[in-house]
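Me: Please take a close look at the aromatic rings here and at the helices that carry them, and then work outwards to the rest of the chain. I would like the terms spelled out with their cut-offs as you go.

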Amino acid sequence: MLMTAFGGVMWLIFTAMLAMAVVAFVMAALFREDAYRAADKQNKGFWLIILGVAVAVNLFVPMLFLQLAGLVATIVFFVDVRPALQQVSGGRGRGWGRRRGGSSSDGPYGPYNGGR
């Protein structure tokens, strides 16, 4: 009974690690390449490879050491890289929450009034 509960908890932990790695990979893919350079972080390809390997390890290689290394890379992306990229890109990555209120007729300098 105890081993069954332990197995269930471990399955939840491994699933959470996989989900975090997938989310980090998608976020890394959505930021522009020049944002990485402007934030003085490694390039986009580096992070896509690292996080892609973390996803692959979580899916196909049941070795705890490699999964923990992927978790560390995922945490570094979330804690260090993503906030720097958000600051450089003026908020969020491509397409996330660009519109914070206003109407559909708002232009870049305020509401569009149709030439009145």
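Reply: A search of the whole structure finds three aromatic pairs, where rings of Phe, Tyr and Trp (its six-membered ring) pair if their centres lie within 6.5 Å, with planes under 30 degrees apart counted as stacked, over 60 as edge-to-face and the rest as tilted. Phenylalanine 46 and tryptophan 47 are one such pair, with ring centres 5.4 Å apart and planes at 85°, so they are edge-to-face. Phenylalanine 46 is partly exposed at a relative accessible area of 34%, whereas tryptophan 47 is buried at 7% (buried means under 20% relative accessible area, exposed over 50%, and partly exposed in between, with a 1.4 Å probe and protein chains only). Phenylalanine 77 and phenylalanine 78 form another edge-to-face pair, 6.2 Å from centre to centre and with 65° between the planes. Phenylalanine 77 is buried, with a relative accessible area of 0%. Phe46, Trp47, Phe77 and Phe78 together form one aromatic cluster.

Before going further, please keep in mind that this is a predicted model, in which local features need pLDDT of at least 70 and side-chain atom pairs count only at pLDDT 80 or more, while totals for chains, interfaces and linings use all residues. Residues are numbered from 1 along each chain as its sequence is written, and side-chain values use heavy atoms, with hydrogens and water left out.

The next step is the pair of helices around these rings. Helix H3 covers residues 44–60 and helix H4 covers residues 64–88, and their axes come within 9 Å and cross at roughly 140° (axes are lines fitted to C-alpha atoms, for helices over the stretch in contact, and angles run from 0 to 180 degrees between N-to-C directions). H3 and H4 are therefore oblique to each other, given that angles under 35 degrees count as roughly parallel, over 145 as roughly antiparallel, 65 to 115 as roughly perpendicular and the rest as oblique. The crossing in which H3 passes H4 is left-handed, meaning that the near helix is turned anticlockwise from the far one by less than a right angle.

On the H3 side, Trp47, Ile50, Leu51, Ala54, Val57 and Asn58 meet Leu66, Gln67, Gly70, Ala73, Thr74, Val76, Phe77 and Val81 of H4, where contact means heavy atoms within 4.5 Å. Trp47 and Phe77, both members of the aromatic cluster, are thus also among the residues through which H3 and H4 meet. Glutamine 67, placed in helix H4, counts as buried at 5% relative accessibility. Leaving aside residues up to four places away in sequence, glutamine 67 touches Phe14, Met17, Val57, Asn58, Val61 and Pro62.

At the start of H3, glycine 45 lies in the helix and is partly exposed, with a relative accessible area of 34%. Glycine 45 and alanine 28 are 17 residues apart in sequence and 9.2 Å apart in space, C-alpha to C-alpha. Valine 23, in helix H1 (residues 2–30), is partly exposed at 40% relative accessible area, and its C-alpha atom is separated by 9.7 Å from that of valine 55, 32 residues apart along the chain.

The loops beside H3 and H4 hold two exposed residues worth following. Aspartate 40 lies in the loop between helix H2 (33–38) and H3, is exposed at 69% relative accessible area, and has a phi near 60°, a positive value in a residue other than glycine. Most residues other than glycine have a negative phi. Glycine 90, in the loop between H4 and strand E1 (106–107), is exposed with a relative accessible area of 65%, and its C-alpha atom is 10.0 Å from that of alanine 35, 55 residues apart along the chain.

For the chain overall, the secondary structure comes to four helices and two strands, running α-α-α-α-β-β from the N terminus on (helices, H or I of at least four residues, and strands, E of at least two, are DSSP runs numbered from the N terminus). Buried residues make up 22% of the 116 residues. Among contacts between residues at least 6 apart in sequence, 64% join residues at least 24 apart.
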